[in-house]
Structures are given as structure tokens and as C-alpha cells.
Amino acid sequence: MILKNTFFIALFSLLLVSNICAQDLKKINITTNNGHAIKKGASGFNVRIADKIWSYTHPDFVQSVKELKPGWLRYFSGTMGDAFSSATGQYDLDYISMLDKPKPFLKGHRYVKVKGPHRIIDLYELLSEVNGKLIITVNAFTESPEMILELARFCKNNNIEVAVWQFCNEPYFYVPNRNRFWWNDGFDYAAKMKPYAEAIQQIFPDAQLTLNYTWDGVWTFMKEIDQYQKEHGAYWNVFSKHSYAPHTRKKTQENKLTNVQIPNY
């Protein structure tokens, strides 16, 4: 299948806090005994095509999207998005040179240089044909709030509807205890994403904004974000959890976080 590798993250769960606006809760009690049907359009996947031959207009990619009819796709997505610039649709070579594992990104850069830029408008037009939603990953590793302001303005001027703006791809891997020094911790990440949120809200006051809280078993980062929320409040209205469990046939690790504070919007 053309898009087999794009199922890099099988579950990209978005919990809309707005669903509990009417409740003044101090805790979230999740019942896991009974399931429910998944709504049509809930399933989507990354579009990790930078280091492959495809682009958003490549005939094979277009055909695959039309056959799969995903509920959503992410721009730009996956680990390969960490050095991607939405301003150019290409890779940021200066940033790649600072990465601890630059080779995959250099490969992606060579592919994109030949294919041409990955343009958000091309992806959105394709999604429109299958009634899919667009999720934008704000790449705060390489992009400034001013760049994201221009991206939001571009989306508005071109009638591009963004379902959710997610701040960074898996930022919890870029902390000192993983020998990476981008955020001090989840608290620092939440604080530094606020200018990006404010930039988006200048253009889209009602935008759905999400912090990337955690993935399987990484609860410390989530607790640190929760601490920021307790002290400063939440400027976001959605949270995101990445999970590899569904497609590795493993169970997601139990969440040890208790007493999660949810703002009463």
C-alpha cells in the first residue's frame, strides 16, 4: 500500500475539553469497561512523504488518499517535520546541522529539492476532495511566532480551514533527561508555546489549539504541563497524546497521572 509508512503514529487522540465545558470537574474519570463506535472521520494519519518520492500532487499519493478517505491529515507530520519550514515548504539546513541525527533530514532535503516544496494549499485541496480535515503541526523548533502568524494569515486569505493547531511534534523527546536541550521540561514547553498561540489567535480567535502532552508511558512531561496550567491557566483547548501501541500490538502503559486539572471554560 502506497501509504503504509505513513501510519507512523496509529493513534493521534484529540480530547476536546469543550465537551466538558458544562461540568465543573476537578478530575476526569474515564470508564474503560465499555467501548463505543468510532465516529466516521476520526481516523487519520501522518503524511510522512518528505523522505519518499511522493508529494501532495503525486498521482500515486493522490490516488491513495482518495481510496483511503482519511478523516484528517497532518501538515507537516512525524519526526521528519522537526526540521521542516512551512515558510519555504522545504527543510531548514541550518537547523539540520544542529541535530544529533541529521542524516534522515539531509535525505529528506535532497528529495524535496528535486520534488519541489510541500505546499499546504496542495494538501488542503486534496483533503477537500475527500472531506478530510487539516491538522497543522506548528514547528516551533525552527519557526518563530512571526512565521506562524504569517502561516495563519495565509490560511485565512486562502480559505484554508484548520481543524487543530498542534504545537510541535513530540516535544517531550527534546528535554535534558534525553540529552537534548530544547525545552527544560513540560512547564517550559507550555510557556514557550504561548506566543505561538497568541499569533494564531490574532487571525483565528476561536482556533483549536493543542499541546502535545505525552506518548505511551511519558507522564512526567504531562505533569509539568499540568503544573503550568495550575499556575497560569490553559491557553489551549485540546490536548494530544501520541501512541504506538495500536500498531505495535502492545498495550499503552497505564497513566499514573492523577488529579488532572481541567479549566472550566
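This is a short tour of one protein chain, from the overall picture to a few unusual backbone spots.

Let's start with the whole. The model is predicted. The protein has 265 residues, and buried residues make up 48% of them. Its secondary structure comes to 8 helices and 9 strands. Now the contacts. Take those with a separation of 6 or more: 78% of them link residues 24 or more positions apart.

Next, the strands. I'll walk across them in order of pairing.

Begin at β3, residues 72-75. Strand β3 runs parallel to β6, and 4 bridges join the two. One pair to find on screen: tryptophan 72, whose bridge partner in β6 is lysine 133.

Now β6 itself. Is β6 enclosed or open? Here 5 of its 6 residues are buried, so β6 is largely enclosed by the rest of the structure. On to its other partner. Strands β6 and β7 are parallel, with 5 bridges between them. Isoleucine 135 has valine 164 of β7 as its bridge partner. To get from β6 to β7, the chain passes through α5, and this β-α-β crossover is right-handed.

Then β7 to β8. These two strands are parallel as well, joined by 3 bridges. Look for tryptophan 165: its bridge partner in β8 is leucine 209. The chain goes from β7 through α6 to β8, again as a right-handed β-α-β crossover.

Strand β8 covers residues 209-215, and 6 of its 7 residues are buried. Its next partner is β9, residues 238-243; the two run parallel, with 5 bridges. Threonine 214 pairs with lysine 241 of β9. Here the chain crosses through helix α7, residues 220-232, and this β-α-β crossover is right-handed too.

Let's zoom in on one of those crossing helices, α5.

Helix α5 has 13 residues, 145-157. How far apart should its ends be? At 1.5 Å a residue, the expected span is 18 Å, and the end C-alpha atoms are 18 Å apart, which agrees.

Which residues of α5 are buried? They are Pro145, Ile148, Leu149, Leu151, Ala152 and Cys155. Seen down the helix axis, these buried residues of α5 fall within an arc of 160°, so they line one face. Here is the general background. An α-helix has 3.6 residues a turn, so residues three or four places apart point the same way. The face of α5 turned away from the buried side carries the exposed residues Glu146 and Asn157.

What covers the buried residues of α5? The cover includes two helices, α4 (120-129) and α6 (186-203), and two strands, β6 (133-138) and β7 (162-167). Just after α5, asparagine 159 takes a positive phi of about 55°.

Now the core. The largest nonpolar core holds 70 residues. Tyr91, Leu134, Trp165, Phe167, Met193 and Leu211 touch the most other members. Helix α6 gives the most to this core, with 8 residues.

Pick out tryptophan 165 from that list. Beyond its neighbours within four places in sequence, what is tryptophan 165 in contact with? Its contacts include Ile136 and Val138. They also include Leu151, Ala152 and Cys155, which are among the buried residues of α5. Further along the chain, tryptophan 165 is in contact with Ile200, Phe204, Ala207, Gln208, Leu209 and Thr210. Leucine 209 is also its bridge partner in β8.

Last topic: the unusual backbone. Most residues other than glycine have a negative phi, and most peptide bonds are trans.

First stop, lysine 69. Lysine 69 is not a glycine, yet has a positive phi of about 50°. Find it in the loop between α1 (59-68) and β3. Buried or exposed? Lysine 69 counts as exposed because its relative accessibility is 56%, and the cut-off for exposed is over 50%.

Second stop, cysteine 168. Its phi is positive as well, about 75°, and it is not a glycine either. Cysteine 168 sits in the loop between β7 and α6. Cysteine 168 is buried, with a relative accessible area of 0%.

Third stop, a peptide bond. The bond from tyrosine 75 to phenylalanine 76 is cis, with omega near -20°. Phenylalanine 76 lies in the loop between β3 and β4 (84-85).

That's the tour. Questions are welcome.

Definitions and conventions: Residues numbered from 1 in each chain as written. Predicted model: local features only at pLDDT ≥ 70, side-chain atom pairs only at ≥ 80, totals over all residues. Heavy atoms only, no water. Expected span 1.5 Å × (residues − 1). Buried < 20%, exposed > 50% of the residue type's maximum accessible area, 1.4 Å probe, protein only. Arc of directions from axis to C-beta. Contact = heavy atoms within 4.5 Å. Pairing = 2+ DSSP bridges. Right-handed = clockwise from strand over helix to strand, strands pointing away. Core = buried A, V, L, I, M, F, W, Y, C linked by side-chain atoms within 4.5 Å.
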